[in-house]
There are 2 protein chains.
Amino acid sequence: MSRPTVHDIAKEAGVSLATVDRVLNARPGVREKTITKVQEAVARLGYVRDTYAANLARQRQYRFVFVLPDGPGQFAQSLRSALHEAYASQIADRTVIRTVRVPIGDPHAIVRTLQGVHADGLDGIALMVPETPQVRDAIARLKDAGVAVVTLVSDLPNSRRDFFVGINNSAAGRAAGSLMGRFVGGRGEILVVTNSLRSRDSVERRFGFDEVMARDFPSVSVLPSVEAHDDPLRMARIVTEVIARRKALVGVYSMGSGNLTLLEALRGNRRSGRLVVIAHELTAATRQALIDDEIDAVIAQNVGHLIRSAIRVLRSLCDDLPIYEAQERLRIEVVLKENLP
Amino acid sequence: MSRPTVHDIAKEAGVSLATVDRVLNARPGVREKTITKVQEAVARLGYVRDTYAANLARQRQYRFVFVLPDGPGQFAQSLRSALHEAYASQIADRTVIRTVRVPIGDPHAIVRTLQGVHADGLDGIALMVPETPQVRDAIARLKDAGVAVVTLVSDLPNSRRDFFVGINNSAAGRAAGSLMGRFVGGRGEILVVTNSLRSRDSVERRFGFDEVMARDFPSVSVLPSVEAHDDPLRMARIVTEVIARRKALVGVYSMGSGNLTLLEALRGNRRSGRLVVIAHELTAATRQALIDDEIDAVIAQNVGHLIRSAIRVLRSLCDDLPIYEAQERLRIEVVLKENLP
DNA sequence: ATTGAAAAGAGGTACGCTCCTCATTTATGG
DNA sequence: CCATAAATGAGGAGCGTACCTCTTTTCAAT
């Protein structure tokens, strides 16, 4: 008993193959009654279109663009390499992916890029950019042009994007908070650092972190966020200062990119060995820091899954297929030295 | 520029399509020199066979059997449902999957099943069964019959299985140990329970757990493993007894299935609220227990990935394709209340 | 040079589907 | 009831690959 084909549907519905094709592909010129007949036959036989055969016949090409932050961030780098990997594997069959790097700090450059890419016909776009009104407008224009849009890592919930692929960042912050509270033993002060609070993910993480600390660890006090803005010297200065001044400091929570500069800053400090350090994203730097006991835990998202998920979602959006939410929901990974992948 | 096809290879290598086909499919009757010529053309053009077109032409059907433990275990249940889910999506991929349930305690029944399934031609088998010499022999017979064999969750390293899909269980034990040590604050006694030490995964987890405790938390003492053997009364009796007797008890580590009975037993005890409980596998029971603060952390493996990975590996084995180890390496997930998926 | 097997070429059919054309049937309004 | 448009049927080509048969070429051993 093999899968039913279009021929079986035609026979079952008592119509010709051409009509089945017209119905399945929503082509015009079929009576309502006939459409129903065909759909019933499809339902009865449990027909599922062989997408691969279909794409083969259709000579379908999915043209996607990934817009990723430029700059030195190791996370963006690992995203880029995951993209290359996905591209090489069959997950990307009949898919042409182009990566575009944008300066994260320049909203106008981002918008210009978004307008530029959609010059040539493209089917979908995945983007990881900070939230600005201009970007929202650019997304609206892409949607008007019929392009599928997914946001990556950091969501743009008030835009017309179709889907968000990434972790729930407030939950990630809560997980970090829970671990921090338990690891430090429930008392002391926590320094929170990030690269920039302009991107939504940082804000959400901070929110979740504070929520858990306030509720479950009231004796721990969390200091205001410190923004490093990709400036190693600034980071070093602040960290050194806080460690020196704050005798009750027991932990550091690094919410965003810029772990490298934080680690650099911590290494110069004697007391840092006794601080609990929790950071985000698994990169070469955080991985090594875990091994060296410089970081106690990393909250991460699997970049491979992230990319594959984005591609799957974009493809489903292009074909108007349903998205399996459960499969696309990314897990918040807690990585210790012991369960390093 | 679209992907090169067999025709392009033929042109590039200066041979006929038939010869390209012979080379690509390792058919006999081609001179060494010609094989090289074709392979060079493949390399030069970066040709990758379109697997879907190939499978379409080949009318390939992958027939796989999953042998899973019968019985009340919730983990096996979630495996089965993950399998059903995968089946629904893999249907688009010319794969027929059958699930067979075996009584985990009866090696002879398992062997009989393994012999039974391979009566009809099948291409691959994935199994999660305890390690016995009879099972090893049965696997050897399957291999002789040309069936691809992967072990699931619990490995059978001394058998002729082709691949193991599952987490590194000693690393999982180490992760549990690390969390336990930090959560309890570095001192006290830990009760370790499991359903049975007969399956390899339990043994390996215990090994890893002890390793970390001895090295990083020398002031914590770990009590000998207690085996429940699916007997709720036995579990309740032992847990109650240990809690009553051992005043220094600060944590419980549940290494295998049988979390439900443990939770049941813990609920009857007043002191249990202050015990750190770490368990394995995310099921309805452990999930609820996390939410209710009855369990502090769960060490888990993603059953969806597990199943999909097994299917991918089986398919690669059938087609003699390389296995992307990195993609198939399952992550050890640390699940807290906060990052529950 | 002849023979014979091995190697290579040529060409066709099929897989499930899309998309095209052209012929034929059916429904609808005048 | 006929003209007309709409709906449907019939059939074919092609997507990239596999696999089959039948011929032709190549090359070494005689």
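Mentor: A residue counts as exposed when its relative accessible area is over 50%. Keep that in mind for this predicted model.

Trainee: Is D144(A) buried or exposed?

Mentor: The cut-off for exposed is over 50%. D144(A) has a relative accessible area of 60%, so D144(A) is exposed.

Trainee: Which residue meets D144(A) in a salt bridge?

Mentor: D144(A) lies in helix 7 of chain A. Its partner sits in the loop between strand 4 and strand 5 of chain A, so the pair ties together parts that are 16 residues apart in sequence. The closest approach, N to O, is 3.2 Å, and the partner is R160(A).

Trainee: Which residue of chain A meets D296(B) in a salt bridge?

Mentor: D296(B) is buried, with a relative accessible area of 13%. D296(B) lies in a loop of chain B and its partner in helix 8 of chain A, so the pair joins two chains. The N to O distance is 2.9 Å, and the partner is R182(A).

Trainee: What relation links chain A and chain B?

Mentor: A rotation of 179° with 0.4 Å of shift along its axis superposes chain A on chain B. The RMSD is 0.4 Å. That is the relation of a two-fold axis.

Trainee: Which residue of chain A comes closest to the rotation axis?

Mentor: The distance is taken at the C-alpha. At 2.7 Å, the residue is V334(A).

Trainee: How many residues are in the largest nonpolar core?

Mentor: Those with the most contacts inside this core include F66(B) and L152(B). L152(B) touches F66(B), among others. Helix 8 of chain B gives the largest share, eight residues. The core's total is 102 residues.

Technical notes. Residues are numbered from 1 along each chain as its sequence is written. Chains are lettered from A and ligands numbered from 1 in the order in which they are written. This is a predicted model: local features need pLDDT of at least 70, side-chain atom pairs count only at pLDDT 80 or more; totals for chains, interfaces and linings use all residues. Side-chain values use heavy atoms; hydrogens and water are left out. A nonpolar core is a set of buried Ala, Val, Leu, Ile, Met, Phe, Trp, Tyr and Cys residues joined through side-chain atoms within 4.5 Å. Buried means under 20% relative accessible area, exposed over 50%, partly exposed in between (1.4 Å probe, protein chains only). Helices (H or I, at least four residues) and strands (E, at least two) are DSSP runs, numbered from the N terminus. Contact means heavy atoms within 4.5 Å. Copies are superposed by least squares on the C-alpha atoms of residues with pLDDT of at least 70 in both. A salt bridge is a side-chain nitrogen of Lys or Arg within 4 Å of a carboxyl oxygen of Asp or Glu. Lists of a residue's contacts leave out its neighbours within four places in sequence.
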